[in-house]
Amino acid sequence: MGDLGAWAMPAMQLLGWVGLALSWLAWAYPFIFRAPHNQKRPSITAIGPTRVGLLLETGAICMAFTFRLPPDSPPGPARVLPALILGPLAAVLAWKSVMHLGKQFRVHAGLYVDHELVRTGPYAMVRHPIYTSLLAMLLCSLLVLTPWPVAALALALFLLGTEIRVHTEDKLLESRFGEEFRRYQKSVRAYVPLVR
C-alpha cells in the first residue's frame with residue numbers, strides 16, 4: 001500500500017501537467033489561427049487601459065507558472081481533477097467565443113465603424129466569455145502548479161486586470177449601443193455567471 005501511494009502522487013502530478021499543457025494549447029489555438037487579425041476597418045481603440053489589464057492578467061498567469069508547489073508536495077487528486085475539468089471547458093468556451101465574435105474580434109478594447117453587439121452563443125451567458133475562459137485557464141494552472149497563498153494573490157491580480165478591461169469595453173459598447181447595451185448589461189453578467 002505504501003508503494004502504491006508513493007507511485008500514485010507522481011502519476012497524478014504528471015496527469016495534471018499533461019492536462020494543463022494540452023488545455024493551454026487547445027485554448028490558444030482559436031486566438032492564433034481562427035481569429036481575424038490585421039483587420040483594416042476604421043475603428044476607435046482604447047489601448048492604454050487594455051494594456052494595463054493585459055499586463056495584470058499576464059502577471060497573474062506568470063505567477064502561476066513561476067511560484068511552484070514544493071517537489072515534496074505535488075498536487076493530489078483534489079487539485080488535479082478539477083483542473084482536468086476546467087481546462088477543456090475553458091478551451092471549448094474560447095473556441096465558441098471566437099466563433100461567435102467573428103469579425104468583431106479585437107485584442108485591444110475598441111469598436112469598428114460597423115461594430116455589432118454580439119449576444120449569441122457564450123455571449124448569451126456572459127458578456128465577456130473570453131475572459132471567463134482565461135479565468136478558467138488561470139484556475140486550472142493554479143490548481144496544478146501553485147501554492148495556495150500565491151494562488152490567491154495571482155487570482156486577485158488577474159481579477160483586477162480583468163475588471164479594468166471589462167469596464168473599458170463596457171463603456172465603449174454603451175457609448176455605441178446605448179440603451180440596447182444597458183439592457184444587455186442588466187440581463188447578462190460580465191464574465192462570471194451569477195456574479196455582478
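In the predicted model, glutamate 174 is found in helix 5. With a relative accessible area of 30%, glutamate 174 is partly exposed, because this value falls between the 20% limit for buried and the 50% limit for exposed residues. Leaving aside residues up to four places away in sequence, glutamate 174 touches Phe181 and Arg182. Its C-alpha atom is separated by 41 Å from that of tryptophan 17, a residue 157 positions away along the chain.

Phe181 and Arg182 also take part in the packing of helix 5 against helix 6. Helix 6 comprises residues 179–187, and its axis lies 6 Å from that of helix 5, at an angle of about 135 degrees. The two helices are therefore oblique to each other, since angles over 145 degrees would be needed for a roughly antiparallel arrangement. Helix 5 contributes Asp170, Leu173, Glu174 and Phe177 to the contact, whereas helix 6 contributes Glu179, Glu180, Phe181, Arg182 and Gln185. By class, five residues of this contact are charged, three are nonpolar and one is polar.

A second glutamate of helix 5, which spans residues 148–177, is glutamate 169. Glutamate 169 is buried but forms no salt bridge. The nearest side chain of opposite charge belongs to arginine 165 and is 4.7 Å away, so the pair lies outside the 4 Å limit for a salt bridge. When residues up to four places away in sequence are not counted, the contacts of glutamate 169 are with Ala109, His128 and Tyr131.

Asparagine 38 is located in the loop that connects helix 1 (2–34) to strand 1 (43–46). Although not a glycine, asparagine 38 has a positive phi of about 55 degrees. Most residues other than glycine have a negative phi. Asparagine 38 counts as exposed, with a relative accessibility of 68%.

At the level of the whole chain, six helices and two strands are present. Their order along the sequence follows the pattern α-β-α-α-β-α-α-α. The C-alpha trace spans about 65 × 30 × 30 Å along its principal axes. The protein chain has 196 residues, of which 45% count as buried. Of the contacts between residues at least 6 apart in sequence, 85% join residues at least 24 apart.

Terms used:
Residues are numbered from 1 along each chain as its sequence is written. This is a predicted model: local features need pLDDT of at least 70, side-chain atom pairs count only at pLDDT 80 or more; totals for chains, interfaces and linings use all residues. Side-chain values use heavy atoms; hydrogens and water are left out. Helices (H or I, at least four residues) and strands (E, at least two) are DSSP runs, numbered from the N terminus. Buried means under 20% relative accessible area, exposed over 50%, partly exposed in between (1.4 Å probe, protein chains only). Lys and Arg count as positive and Asp and Glu as negative; His and the chain ends are not counted. Contact means heavy atoms within 4.5 Å. Axes are lines fitted to C-alpha atoms, for helices over the stretch in contact, and angles run from 0 to 180 degrees between N-to-C directions. Angles under 35 degrees count as roughly parallel, over 145 as roughly antiparallel, 65 to 115 as roughly perpendicular and the rest as oblique. Ala, Val, Leu, Ile, Met, Phe, Trp, Tyr, Cys and Pro count as nonpolar, Asp, Glu, Lys and Arg as charged, and the others, Gly among them, as polar.
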